[in-house]
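Here is a short briefing on one protein chain. Please keep the sequence and the 3D view open while reading.

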Amino acid sequence: MAFIDEVKLYLKAGNGGNGCVSFRREKFLEFGGPNGGNGGKGGDIIFISDANLNTLLNFRYMKHIKAMSGKHGANWDRSGLSGKNTILKVPVGTQIIDEESEDLIIDLDKPDMEFKVAQGGKGGLGNTNFKSSTNKAPRRFTYGQPGEEKYVLLKLKILSDVGIIGMPNAGKSKFLTRCSNADTRVGDYPFTTIRPHLGVARVDDGEVVIADIPGIITDAHLGVGLGHKFLKHIERCKILLHLIDVTSEDIISVYNCTHNELELYNSELVEKEEIIVLNKCDLLDDAEILEKKNNLAKYLNKEILCLSITDDLQPILRLLSKKLRKITYPFSRAVK
């Protein structure tokens, strides 16, 4: 299934129906009177966040979306039917942006959120509404109001507990495949991952949602490589798991490359909790791994973890789960 995270839509809510001009004409009724009904309301366009969706693929070929217009009023005081609302389901994490003003209309960042983006027009009034003691046979009515129309941008920022970041071919997809049931593409060449993948990892009695973010290279924030197209997804992650290929010549430069791109894209990203792991440690001897680990730990003044293809992932997953609980419940007691 294709991963689509940005679409442009034209929305047109339904127009209101016109009011009716009509008079009673009955054989045994000496004085008739106005009996024109009101027009029906136009349908609204409503967006609902659905936890079962993870892409905007449904909108790829649905660029113009229109709601049903209300029916016109009729005689015998019959009001027109209101137009049916158009309900659009989008993934959790979808932002709806007004294209003209570039203002954020709504951020559907929780499941089952519902928001009316385009209001249907009100129905017009029939001549019954204008009857008075001085005007008993009004021929006045009003037209239905047009429904709202606008161009909007849908931008999806996936929601996950942990975002796996790093340079291309650092082993991010392999990590996600090993710890979850995610169907990721693994290869021994850069940019194997061309779209974010989500997986759910079991940690003891709990779960952790992990996102594999495509590789970040120098000037990614300017559009180089896969560009900033996927950097936005990192904004939703609570914790960053930074994987570094231990076989790299200069792992400090490799770390700085990814770190600097995040900061240039959004300085708040580097404030997130970050766990750094030297990956592919089965490819080097212990002495070389220890040297690289100590150099990076001294440079960053923080703990560095090591991982090889044969290692159990549960210790790292437990650490992620522990830190997530501290973020979610900051005033609770630390987990031992």
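In which strand does Asp-50 lie? Asp-50 lies in strand β2. The model is a predicted one. The chain has 336 residues, and 46% of them count as buried. Its secondary structure comes to four helices and 14 strands. Among contacts with a separation of 6 or more, 74% join residues 24 or more positions apart.

**Asp-50 and its surroundings**

- Asp-50 has a relative accessible area of 16%. The cut-off for buried is under 20%, so Asp-50 counts as buried.
- Asp-50 is in contact with Lys-89, Val-90, Pro-91 and Val-92, leaving aside neighbours within four places in sequence.
- Lys-110 is 60 residues away from Asp-50 in sequence. In space, the two are 8.7 Å apart, C-alpha to C-alpha.

**The three-stranded sheet**

- Strands β4, β2 and β7 form an open sheet, in the order β4-β2-β7. The pairing is mixed.
- β4 and β7 are the edge strands, and each pairs on one side only.
- Neighbouring strands here are turned by 30° against each other on average, direction ignored.
- Six bridges join β2 and β4, which pair in the parallel sense.
- Opposite Ser-49 stands Val-90, a residue of β4.

**The five-stranded sheet**

- A second open sheet follows the order β3-β1-β8-β5-β6. It has five strands and mixed pairing.
- Its edge strands are β3 (64-66) and β6, each paired on one side only.
- From one strand to the next, the twist averages 25°.
- β1 and β3 run parallel and are joined by three bridges.
- Leu-11 has Ile-65 of β3 as its bridge partner.
- Gln-95 belongs to strand β5 (residues 94-98). Is Gln-95 buried or exposed? Gln-95 is buried, at a relative accessible area of 12%.
- Gln-95 touches eight residues when those up to four places away in sequence are not counted: Leu-104, Ile-106, Asp-107, Leu-153, Leu-154, Lys-155, Lys-157 and Arg-236.

**Nonpolar cores**

- The largest nonpolar core has 30 residues. Which residues have the most contacts inside it? They are Leu-9, Phe-47, Phe-59 and Leu-154.
- Six elements give two or more residues to this core: β1 (6-12), β2 (45-50), β4 (86-91), β6 (104-108), β7 (114-118) and β8 (149-156).
- Apart from this core lies another, of 22 residues. Among them are Val-162, Phe-175, Ile-316 and Leu-317.
- Phe-47 touches many residues beyond four places away in sequence, including Leu-9, Leu-11, Leu-88, Val-90 and Ile-96. Other partners of Phe-47 include Leu-108, Met-113, Glu-114, Phe-115, Val-117 and Leu-154.

**The β10-β11 hairpin**

- Strand β10 (residues 197-203) has two faces, one covered and one uncovered. The covered face holds His-197, Gly-199, Ala-201 and Val-203. The uncovered face holds Leu-198, Val-200 and Arg-202.
- β10 pairs with strand β11 (residues 206-212) in the antiparallel sense, over seven bridges.
- Across this pair, Arg-202 stands opposite Glu-207 of β11.
- Two residues lie between the strands of the hairpin. Asp-204 takes a positive phi there, near 55°.

**Packing of helices α2 and α3**

- Two packed helices are described by the angle between their axes and the distance between the axes.
- Helix α2 (residues 251-265) and helix α3 (residues 286-300) have axes that come within 9 Å. These axes cross at roughly 45°.
- Why are α2 and α3 called oblique to each other? Angles of 65 to 115 degrees count as roughly perpendicular, and those under 35 as roughly parallel. The crossing of roughly 45° fits neither class, so the two helices are oblique.
- α2 contributes Ile-251, Ile-252, Tyr-255 and Asn-256 to the contact. α3 contributes Lys-292, Asn-295, Leu-296, Tyr-299 and Leu-300.
- By class, this contact has six nonpolar, two polar and one charged residues.

Definitions and conventions
Residues numbered from 1 in each chain as written. Predicted model: local features only at pLDDT ≥ 70, side-chain atom pairs only at ≥ 80, totals over all residues. Heavy atoms only, no water. Core = buried A, V, L, I, M, F, W, Y, C linked by side-chain atoms within 4.5 Å. Buried < 20%, exposed > 50% of the residue type's maximum accessible area, 1.4 Å probe, protein only. Contact = heavy atoms within 4.5 Å. Pairing = 2+ DSSP bridges. Axes fitted to C-alpha atoms, helices over the stretch in contact; angles between N-to-C directions. Parallel < 35°, antiparallel > 145°, perpendicular 65-115°, else oblique. Nonpolar A, V, L, I, M, F, W, Y, C, P; charged D, E, K, R; others polar.
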